[in-house]
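Please walk through this model from one strand outward, following the sheet and then the space enclosed by the protein.

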Amino acid sequence: LLHSLDRLARADAPGTDQGRREEAAAPLDEAGDDSDSDSDSTTAASDGDAAKLGAGHSDIEEVADSCTGTAASSSGLVSKGKTREMVTKRHRKELTKEGYKIIGSHSAVKLCRWTKHQLRGRGGCYKHSFYGITSFQCMEATPSLACANKCVFCWRHHKNPTGTEWKWKMDEPEAIVAEGIEQHQKMIKECKGIPGVKPERWQAAMQVRHCALSLVGEPIMYPRINELLADLHRRKISTFLVTNAQFPEAIEQLCPVTQLYVSIDAGTPDALKKVDRPIFTDFWDRYLDSLRALAKKKQRTTYRLTLVKDHNMADAEDYARLVALGDPDLIEIKSVTFCGESKASSLTMGNVPWHEEVRLFAERILSHEGLSENYELACEHQHSCIVLIAHKRFKIQGSWHTWIDYDRFHELVAEGSEFSALDYAAPTPAWALYGSEEHGFDPQETRVFHNRTKRKAKEGLLSEAQLRNYPHNPAQA
C-alpha cells in the first residue's frame with residue numbers, strides 16, 4: 001500500500017523541488033519498515049530513483065493515514081489553510097517507545113544516561129569535565145523534532161520527521177519549557193528506586209540548571225527559539241544549543257546562548273552528502289554560511305566533529321580549512337556512538353574510533369593550516385571518546401579556563417549589555433585536562449565497568465591497544 005501511495009505522490013508532484021532533494025538512502029530505523037519515510041516533504045529513495053515532492057504535499061505516512069480515516073481529507077493532503085501538527089500518530093508512538101516524552105505537538109525531552117550515571121556517583125558526561133555542568137541537573141530537550149538531515153550515524157534512529165521549513169502548528173515557548181521541566185522531573189522521580197542513587201543528588205536533580213538542546217531534530221527550526229532561550233535563562237537554566245549547519249539565517253538571529261554548537265560532520269561536499277544526507281540541494285553553501293554566521297557571535301561557539309571510520313576521517317586538512325570560517329572558541333572531536341544495526345545504515349562497531357584514534361585525529365587537525373598557533377588540546381574525556389581543542393585565548397596566565405561561571409552568565413544576560421565568551425569563563429580543574437592521569441574522569445566519582453568488559457579483560461581477550469583506551473585494566477576493577 002505504501003509503495004502504491006508513493007507512486008501516486010510522485011505522479012502528482014510539481015516539477016520544481018522547492019530547494020529539496022531526496023535522501024541518498026532510506027532513513028535509519030532499527031525497528032521499522034524502511035519502505036516509507038518519516039520525512040515531512042520527501043520520501044527516502046536511492047540516488048537513481050529520487051522522487052521530488054512539492055512543499056504542498058504531505059508525507060507518505062499521512063497519505064496512508066488518510067486511507068484509514070485518520071487524516072483531514074480523503075486525498076491524504078492537508079486542506080488549504082489548515083495547519084497540521086508536526087508529530088503524527090506514528091511518530092508519537094515510535095518516539096514514545098524510544099523513551100521520549102512528547103511535549104505539545106513538536107517538542108520532546110528524554111533522560112540522558114549520564115544523568116542516571118551521575119545520580120549513582122558513576123561519573124558525569126563530557127560537559128561536566130569540559131565545562132563544569134552538573135550532569136544530574138541537566139535536561140535534554142528539543143523544541144523541534146523535525147530536522148533537515150538524515151545523518152547515517154543519528155543515534156535517534158530517525159523516528160522523527162524531516163523538513164526544510166516550519167509549516168506546522170506552533171506551541172508557545174513558555175509552555176514548552178514548563179512542561180519540559182515537569183516531564184523531566186517526573187523521570188527523575190522514577191530514578192529514586194535505581195540501586196545506588198545518592199539521595200542528596202536525587203533531591204538536587206529536581207532543579208534543572210542546564211538544558212542541552214540537542215536531543216533530536218533541529219532546534220533552530222522552531223521560529224520562536226529566542227523566546228524559548230529567554231525563558232530558560234530567566235529560570236537560571238544554561239543553554240547548550242546544537243545546530244546542523246543548514247540554517248545560517250537562524251544562527252545570525254539567535255540571542256545569546258551559553259554555548260552554541262555547529263555540527264561539522266565533514267570537510268568536503270561529497271563527504272557531507274554521504275554522512276549527513278541533507279535534504280537541501282544547496283546544503284554545502286548553507287553549511288559554509290552557517291560557519292560564517294557563527295564567527296559573528298560574541299558568546300561561546302563550538303565546532304562539533306563526529307568521527308566515523310571509513311566515512312569522514314581521511315580529510316583532517318579539509319576540516320582544518322573550515323576553522324578559519326567560523327573562528328570557533330572550542331572544537332570538540334568525538335567518536336561516533338554506535339546505535340546497533342539498521343537496514344538503512346551500513347555502520348558497524350568497526351566504524352567506531354577508539355579514544356586513542358580520536359586523539360591522533362585531533363593532533364592531525366592541529367598540524368594543518370597553522371592551527372597550532374591559535375589552538376591547543378585542552379581537555380579529554382576518555383569515557384566518552386572525546387577531546388577538546390580550545391583557542392589559546394582561554395588559556396589565561398598559563399591556565400585553561402574552559403569551565404563556565406554559570407551565575408555570571410545569567411547576570412550578564414539579565415544586564416542586557418553586550419558581553420563575550422571570556423566574560424563568563426572559569427578555571428578548568430587539573431583532572432579534566434588533556435593528558436591528565438584521570439583522562440577527564442572526575443576523581444570524586446567511581447568508574448564502573450560493564451561486566452562483559454571485566455570478563456573479557458580477565459580472560460585476556462582485550463588487546464594492548466584496547467586496554468590503552470581504559471584508565472586502568474578493567475580486570476582489576
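How many of the 7 residues of β9 are buried? The model is a predicted one, in which local features need pLDDT of at least 70 and side-chain atom pairs count only at pLDDT 80 or more, while totals for chains, interfaces and linings use all residues. Residues are numbered from 1 along each chain as its sequence is written, and side-chain values use heavy atoms, with hydrogens and water left out. Of the 7 residues of β9, 6 are buried, so this strand is largely enclosed by the rest of the structure; here buried means under 20% relative accessible area, exposed means over 50%, and partly exposed lies in between, with a 1.4 Å probe and protein chains only.

The strand belongs to an open sheet of 10 strands with mixed pairing, whose order is β1-β2-β3-β4-β5-β6-β7-β8-β10-β9. Strands here are DSSP runs of E with at least two residues, and helices are runs of H or I with at least four, numbered from the N terminus; two strands pair if DSSP finds at least two bridges between them. The edge strands, each pairing on one side only, are β1 (101-103) and β9 (375-381). Neighbouring strands are turned by 25° against each other on average, direction ignored, where axes are lines fitted to C-alpha atoms, for helices over the stretch in contact, and angles run from 0 to 180 degrees between N-to-C directions.

At the β9 edge, β9 and β10 pair in the antiparallel sense over 6 bridges, with A390 in β10 as the bridge partner of E376. The hairpin of these two strands has 4 residues between them, and C385 takes a positive phi near 55° there. On its other side, β10 pairs with β8 (residues 330-335), again in the antiparallel sense, over 5 bridges, and K334 stands opposite I386 in β10.

In a regular strand the side chains alternate between the two faces of the sheet. In β10, I386, L388 and A390 on one side and V387, I389 and H391 on the other are all buried. With 6 of its 6 residues buried, β10 is therefore largely enclosed by the rest of the structure.

Beyond β10, K392 lies in the loop between β10 and β11 (395-396) and is partly exposed, with a relative accessible area of 33%. Leaving aside neighbours within four places in sequence, K392 is in contact (heavy atoms within 4.5 Å) with S372, E373, N374, Y375, E376 and W400.

At the other edge, β1 and β2 pair in the antiparallel sense over 3 bridges, and A108 in β2 is the bridge partner of I102.

Finally, a search of the whole structure finds 5 cavities of 30 Å³ or more. A cavity is a set of points, on a 1 Å grid over the protein atoms alone, where a 1.4 Å probe fits but cannot get out, and lining residues have an atom within 4 Å of a point; grid points are joined across faces, edges and corners, and a volume is the space filled by probe spheres set on the points. The largest cavity holds about 90 Å³ of space, and of the 14 residues that line it, M139, A141, I176, V177 and L228 are the closest to its centre.

Technical notes
On a 1 Å grid over the protein atoms alone, a cavity is a set of points where a 1.4 Å probe fits but cannot get out, and a pocket is an open set with protein on both sides within 12 Å along at least five of seven lines; lining residues have an atom within 4 Å of a point.
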